[in-house]
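Hello,

Here is the structure I promised to pass on to you. Please have a look at it first, and then read on for what turned up in it.

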Amino acid sequence: MQRRKTSESEIAFHRVNLDDKSLFAHYIEPSEEQNCDLNFANIFCWSDTYHSEVAEAEGFLVIRFYIEGAMCYMQPVGCGDKRQIMELLRRDAFVQRMPLRLYGLSHEWRNFLEENYPSEFAFDTPRAACDYIYRTEDLARLQGRKYQPKRNHINHFVARNDWHAEALSSSNIKDCHALNKKWLEGREIGDTERAEQQALHRAFDNAEALGLRGMVLYANGAPAAFSYGTPLTRKTFCTHIEKYDSSIEGAATMINRLMAQSLEEEVEFINREDDLGLEGLRFAKMSYHPTLLLEKTSALHLTPEQRQMRELWHDIFGDEYHEIDSFLVRHGDAVPMIQKEGEKVVSMLFVVPLEVVCKKVAYIYAVATHPDYRGRGIASKLLGEALDMIRQSGAYDLAALIPSSTDSKRLYERLGFEDTQTPMEFPATDYLGTGSAPHDLAMTIKL
């Protein structure tokens, strides 16, 4: 991408507020977008967590937000010149001293970036980020053999409960709060759950202004389930949150159907958002037979050094480019370290912060030196600098790495690593380690 320094951003961002609802409607409603991350109520209700900001620029709606300190931009929505808006985003990221990260990209936007900025971006399209999109008619009617288990759940609920349902309103939001409180009992509440609770309360506090649509299910005089959401476009509705009493069999299936029935005459599709990579949630959402799993791509604009690192990684380890790109995109907290000869990167590694068995671990990963530059002590020097940085940070209990060969093992031993055979438990899709748990045994240094 073209480089031009600027002293201040040319995009006038402001924090998302309720007055922006009409702005989103102007850009989103006429589009064919189905991505729930572009839904105004979603962005507003989660804005305290993600510090979401919005602006108009070059005929596009632009959204900027932050995840664990990393600044990101949502896919711009509009009819302007894509190259112009990309240059503005590039300069805005430069002013903020942040890498240019894009989130929620459609196939069209990914193709545009690949064609216009070849090799400049790393892309990642994780399965966990896919939105589940259903035909409203399918969820409302549950017809055919594939939905027989769902109809059985509903029949069981109807036969065993004195039930009724109401549209969400100011008079029954208190019952939703009561059910939500019951749902929380006995659960371990982490950062994700706390953020969801904050979003839920913000939605209920601003239900009328947001145009919240929902249903509340009662069984035997007590709230059994509720669901709510808002339209994204004229064709697609986004379900934001659904809660139910898990002790009442069939309540979850019933509220899902009631919600769809209330929307059947208005929208063609319902987006029930992603599954967060949770196996149980994925199974539940797949059991309703989505019409579409909407892929959403994240992209990171690479520096010239990072592009060289990607090539060195590929040449040394033979990993596919999509695997390397996924690491680069997902591990924004990884610290890259390089050794250059002139303008050429000849040696590299990453320091990845991890938590393993309740210990803070500095995991040294992808240690590679170009074959023409081996035998000169370059890797040893780089590893020494990495260990100095790790010690000086004071943030870790251990430094760890997994040797790829006997020769590398001897090198690490000379640097003070002990062959402790420490198991490193990596997620299967995280592109760390060897990809084989029995072989992911680390050498470590206590700090």
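**What was found**

Let me begin with the contact that caught my eye: arginine 202 lies over the face of phenylalanine 44, at 4.0 Å from the ring centre. Please keep in mind throughout that this is a predicted model.

On confidence, the chain has a mean pLDDT of 94, with 98% of its residues at 70 or more. The stretch to treat separately is residues 2-7, where the pLDDT is below 50; beyond near neighbours in sequence, this stretch has 13 contacts in the model.

Now the overall picture. The chain holds 16 helices and 21 strands, and its C-alpha trace spans about 80 × 50 × 40 Å along the principal axes. Of the 447 residues in the chain, 48% are buried. Among contacts with a separation of 6 or more, 70% are between residues 24 or more positions apart.

Next, the open sheet. Seven strands make it up, in the order β9-β10-β11-β12-β13-β8-β14, and the pairing is mixed. At the edges stand β9 (163-167) and β14 (292-294); each has a single partner strand, so one side of each is left without a neighbour in the sheet. On average, neighbouring strands of this sheet are turned by 25° against each other, direction ignored. For β14, three bridges in the antiparallel sense pair this strand with β8 (residues 131-135), and tyrosine 132 stands opposite leucine 293 in β14.

Two helices are worth viewing together with this sheet. Helix α8 (residues 173-184) packs on the sheet and touches β10 (213-219), β11 (222-231) and β12 (236-244), its direction making about 110° with that of β11. Helix α9 (residues 191-205) lies across β11 and β12, and runs at about 80° to β11.

For a close-up of this region, try isoleucine 241, which lies in strand β12. This residue is buried, with a relative accessible area of 6%. Which residues is isoleucine 241 in contact with, leaving aside its neighbours within four places in sequence? They are Glu196, Leu200, Phe226, Ser227 and Tyr228. A longer step along the chain leads to asparagine 39: 202 residues separate asparagine 39 from isoleucine 241, and their C-alpha atoms are 13 Å apart.

Strand β7 (residues 121-124) deserves its own view. Both of its faces are covered: Phe121 and Phe123 on one side, and Ala122 and Asp124 on the other, are all buried. This strand runs antiparallel to β15 (residues 297-301), and four bridges join the two. Within β15, leucine 300 is the bridge partner of alanine 122.

The phenylalanines of β7 lead on to the aromatic residues. One aromatic cluster is formed by Phe60, Trp109, Phe112, Tyr117, Phe121 and Phe123. Phenylalanine 112 also has a charge over its ring: the charged end of lysine 82 sits there, 6.0 Å from the ring centre.

How many aromatic pairs does a search of the whole structure find? There are 22 aromatic pairs. One of interest joins tyrosine 412 and phenylalanine 417: the ring centres are 6.1 Å apart and the planes stand at 65°, so the pair is edge-to-face. Both tyrosine 412 and phenylalanine 417 are buried.

Enjoy looking around, and do write back with any questions.

Best wishes

Key. Residues are numbered from 1 along each chain as its sequence is written. This is a predicted model: local features need pLDDT of at least 70, side-chain atom pairs count only at pLDDT 80 or more; totals for chains, interfaces and linings use all residues. Side-chain values use heavy atoms; hydrogens and water are left out. Rings of Phe, Tyr and Trp (its six-membered ring) pair if their centres lie within 6.5 Å; planes under 30 degrees apart count as stacked, over 60 as edge-to-face and the rest as tilted. Buried means under 20% relative accessible area, exposed over 50%, partly exposed in between (1.4 Å probe, protein chains only). A charge sits over a ring if NZ of Lys or CZ of Arg is within 6 Å of the ring centre and within 35 degrees of the ring normal. Two strands pair if DSSP finds at least two bridges between them. Axes are lines fitted to C-alpha atoms, for helices over the stretch in contact, and angles run from 0 to 180 degrees between N-to-C directions. Contact means heavy atoms within 4.5 Å. pLDDT is the predictor's confidence in each residue, from 0 to 100.
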